[in-house]
Structures are given as structure tokens and as C-alpha cells.
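Here's a quick briefing for anyone meeting this structure for the first time. Have a look at it, then read on.

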Amino acid sequence: MSKFSKKKSGELPPVSTASLPDIVFMLLFFFMTVTVMKDSSLKVENVLPNANEVKKLEKKDRVIYIYVGKPTQEYQKVFGTEPKIQLNDKFANPSEVGDYILAERAKKSQELQNVLTTALKVDKNANMGLISDIKLELRKVNALKVNYTTYEGDAFRNIQ
Amino acid sequence: MARRAGAPEVNAGSMADIAFLLLIFFLVTTTIETDAGLDRMLPPIEPPEDIDVVIKQKNIFQVNINKNGQLLADEELIDLKQLRTKAMAFLDNGGDGTCTYCKGKRNAESSDNPSKAIISLKNDRETKYGTYITVQNELVGAYNDLRNREAQRLFGRDFTEMEAEYLNPETPQAIKDDLKDKVKKIQDLFPQKLSEAETSSAN
């Protein structure tokens with residue numbers, strides 16, 4: 001029996017994949033530096049309204065988030081379909097907002113405690129009543145700087 | 001038997017797989033967008049002192065939103081699209097002639113001076129949040145349009161652009177100091193006086 005036939009000398013050598021890990025690591029580092037970790041998963045529907053006179057919310061470490069909206073499908077059986085407030089990972093009543101803000105504020109470092117912004121991420125179909133309750137609670141704990149988070153777009157699309 | 005020449009080479013073939021795994025993990029758990037929105041200051045819960053501030057009726061521009069999203073501005077039912085021009089006309093009026101940069105009609109029935117003009121916003125508990133944001137956006141837009149006009153006249157560039165550069169943490173300190181005075185000056189020409197009354201319940 002003959003030995004394996006000898007390779008023809010004209011055949012192309014296989015492409016070297018030795019640099020593939022480097023390329024992927026480069027991508028990895030890119031994503032690690034430009035992104036931030038998601039801190040909580042949304043339990044409410046959160047279609048933000050549009051506005052065009054917006055300001056960017058810089059410095060994520062100075063922001064406290066409050067989500068408001070209708071509970072998503074899986075929570076509707078328990079919590080109903082009326083808009084609810086979500087603080088961190090759980091639903092809350094308006095009366096709990098103040099305590100939440102104080103707790104979050106206490107977690108931040110001393111020099112940031114006076115420059116915190118509260119970002120209200122509210123679904124565009126929520127009613128103003130709930131928002132007013134939240135605003136009243138925020139005023140009680142002296143968290144006066146708020147940001148109504150919106151998408152950038154034509155504001156008149158909100159009212160259709 | 002042949003001697004080994006040093007340790008054998010570690011197979012790095014699976015390195016790519018490991019790196020891909022990490023990459024996918026970061027792609028899934030992170031978000032890339034920065035948030036943007038309308039900045040507002042809430043009024044303190046108690047007024048600092050109980051002094052009766054007398055504000056002339058003509059210096060207040062009253063905006064009411066009802067639960068159906070209809071708009072009442074200065075006792076007149078108007079369309080949302082007209083709000084910005086209405087608000088600008090009110091702010092820019094300069095009724096008593098003390099405002100040298102105003103280009104309004106100088107209507108004696110409307111506001112005296114931009115520094116005295118107050119926009120008061122009132123909404124119903126059942127107003128949709130989307131409508132509220134649109135109204136807020138238009139009112140902020142009215143201020144921004146007027147401030148842009150003055151910034152163009154004085155410094156040859158838009159106020160919103162200057163403010164964004166001033167707030168950007170990457171702007172060098174020297175430019176920031178320069179911008180700070182300019183931004184402050186424009187803000188003083190048209191100070192944002194937007195008061196929000198307590199919401200009314202239905203009926």
C-alpha cells in the first residue's frame with residue numbers, strides 16, 4: 001500500500017487565525033469602555049415621550065432613576081394595568097419615593113450629595129396625577145433638580 | 001529517546017472562543033446610550049418667607065391643560081402649535097419700555113419686562129404625561145429661541161450650543177470660564193420663570 005499522496009506544492013497554506021483573539025479582545029475592550037452596566041431590569045412599559053429642546057444627562061453617578069409606567073404583561077395579573085412606580089427592582093407607592101431618594105442619596109459620596117439629579121423615566125401614557133405625587137414627595141426631601149427623560153424627536157408626536 | 005526542547009507550546013486555539021464569550025457577555029449586560037431630557041427645578045416645599053409678593057396679572061401667562069389635552073392660554077383656547085409663538089410674544093413684549101433688547105409689540109396689556117414675566121403652568125391629574133412634556137418642551141423652546149436670538153446678536157452663536165459646551169465635562173476649564181459669563185448673561189436677559197401650580201383633581 002502506498003503512502004499518503006504527497007501534497008502538491010502549489011496549494012495555498014491555511015489562513016492563520018492566531019490574531020483572531022487579539023481582534024476580539026480589541027472589540028471587547030472597546031465595549032467595556034464605552035458602555036455602562038445595566039443596573040435594573042424594567043418591570044414597567046417605558047415608552048418615553050419625545051422632545052427636541054433636550055439637554056444631555058452627563059455623569060451617570062449623579063443620577064437617581066425613577067421609572068413610571070404600566071406594569072408589563074407578566075406583572076399585570078398581580079399589579080393590574082394602572083401605571084405604577086418602579087424603584088430599583090420593585091414596585092412602590094408614591095409615599096415610598098422620599099425614602100428611596102434619601103437612601104440613594106446616602107449611598108453617594110459626600111461631595112455629590114448636593115448635586116444629584118432625579119431622572120424621571122415616565123411612560124407617555126401615564127397620568128399627571130401620579131407624577132404630581134412623585135414631585136410632591138421629591139420636594140419634601142428637597143430633591144429639587146429633576147430631569148424628565150425623553151427621546152430626541154418631534155414633540156408633537158406625543159399627542160397623536 | 002528524544003529529549004524535549006523546553007515546555008510544549010500551549011494551544012491557543014480556544015482563546016478566541018473565550019474572548020468571544022466575554023464580548024457577548026458585555027454586549028448583553030451593558031447599554032450604550034446616554035440619556036437626554038428636559039431639566040427642571042422644582043420649587044422648595046415651603047416658601048422661604050411669608051411675604052406677599054404682588055405680581056400684576058398682566059405679568060403672568062397662565063397655561064392650563066385639561067384632561068383631554070386641550071390648552072387654555074391666557075383664557076383663550078389655543079392649539080399646541082401656537083403655544084410657542086404665544087409664549088414668545090408674551091416674554092418678548094417689554095410693555096413698560098425698560099427692556100432695550102425686546103422686539104415685541106410693547107403691548108401695555110401684556111408683560112412689562114422679561115425679568116418680571118412669569119409663565120404659570122397648571123395641569124389636571126388626568127392629563128397625559130406625553131401632553132405635559134409637549135407643553136413643557138414648547139415653553140422651554142420659547143425661552144431657548146429668545147435666548148438664541150440674543151446670543152446670536154451679542155456673541156454670534158446659539159445659546160443652546162454654548163450651554164451644551166459649558167456643561168460638557170470634556171470642555172477645557174479655560175473655555176468653560178469664558179463661557180460661564182456669557183451663558184449667565186444670556187440667562188439674565190431672559191430668566192426662566194416657570195411656575196407650576198398644584199394639580200387640580202377632576203371636574
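How many bridges join strand 4 of chain B to strand 5 of chain B? Two bridges do that job, linking strand 4 (residues 71-73) to strand 5 in an antiparallel run. Before going further, keep in mind that this is a predicted model, where local features need pLDDT of at least 70, side-chain atom pairs count only at pLDDT 80 or more, and totals for chains, interfaces and linings use all residues. Residues are numbered from 1 along each chain as its sequence is written, while chains are lettered from A and ligands numbered from 1 in the order in which they are written.

**The sheet of chain B**

- Five strands of chain B form an open sheet in the order 5-4-3-6-7, with mixed pairing; strands here are DSSP runs of E with at least two residues, helices are runs of H or I with at least four, and both are numbered from the N terminus.
- Two strands count as paired if DSSP finds at least two bridges between them.
- Strand 5 (77-78) and strand 7 of chain B sit at the edges with a single partner strand each, so one side of each has no neighbour in the sheet.
- Where strand 4 meets strand 5 in chain B, B:Leu72 has B:Leu77 as its bridge partner.
- Strand 3 (residues 60-65) and strand 6 (residues 118-123) of chain B run parallel and are joined by six bridges, with B:Ile60 opposite B:Ile118.
- Strand 6 of chain B also pairs with strand 7 (residues 194-196) of chain B, in the parallel sense over three bridges; there, B:Leu121 is partnered by B:Glu196.

**Helix 3 of chain B**

- Helix 3 of chain B has 27 residues and reaches 37 Å from its first C-alpha to its last, close to the 39 Å expected at 1.5 Å a residue (the expected span is 1.5 Å times one less than the number of residues).
- Right after helix 3 of chain B comes B:Gly156, with a positive phi near 75°.
- Helix 3 of chain B lies across strand 3, strand 6 and strand 7 of chain B, at about 160° to strand 3.
- Helix 3 and helix 5 (residues 173-189) of chain B have axes that come within 10 Å and cross at roughly 130°; axes are lines fitted to C-alpha atoms, for helices over the stretch in contact, and angles run from 0 to 180 degrees between N-to-C directions.
- That makes helix 3 of chain B oblique to helix 5 of chain B (angles under 35 degrees count as roughly parallel, over 145 as roughly antiparallel, 65 to 115 as roughly perpendicular, and the rest as oblique).
- The crossing of helix 3 and helix 5 of chain B is right-handed: a crossing gets that name if the near helix is turned clockwise from the far one by less than a right angle, and left-handed if anticlockwise.
- B:Arg147, B:Glu150, B:Ala151 and B:Phe155 in helix 3 of chain B meet B:Lys182, B:Ile186 and B:Leu189 in helix 5 of chain B, where contact means that C-beta atoms, placed from the backbone, lie within 7 Å.
- By class, that contact between helix 3 and helix 5 of chain B has four nonpolar, no polar and three charged residues; Ala, Val, Leu, Ile, Met, Phe, Trp, Tyr, Cys and Pro count as nonpolar, Asp, Glu, Lys and Arg as charged, and the others, Gly among them, as polar.

**Where the two chains meet**

- In total, 48 residues of chain B are in contact with 51 residues of chain A.
- Helix 3 (129-155) of chain B gives the largest share of the side of chain B that touches chain A, with 12 residues.
- That side of chain B splits into 23 nonpolar, 16 polar and nine charged residues.
- Strand 8 (residues 145-152) of chain A pairs with strand 2 of chain B in the antiparallel sense over six bridges, and A:Tyr148 has B:Leu38 as its bridge partner.
- Helix 1 (residues 20-34) of chain A and helix 1 of chain B have axes that come within 9 Å and cross at roughly 15°, and are therefore roughly parallel to each other.
- Helix 1 of chain A passes helix 1 of chain B in a left-handed crossing.
- The residues of this contact between helix 1 of chain A and helix 1 of chain B are 16 nonpolar, no polar and no charged.

Conventions. Two residues are in contact if their C-beta atoms, placed from the backbone, lie within 7 Å.
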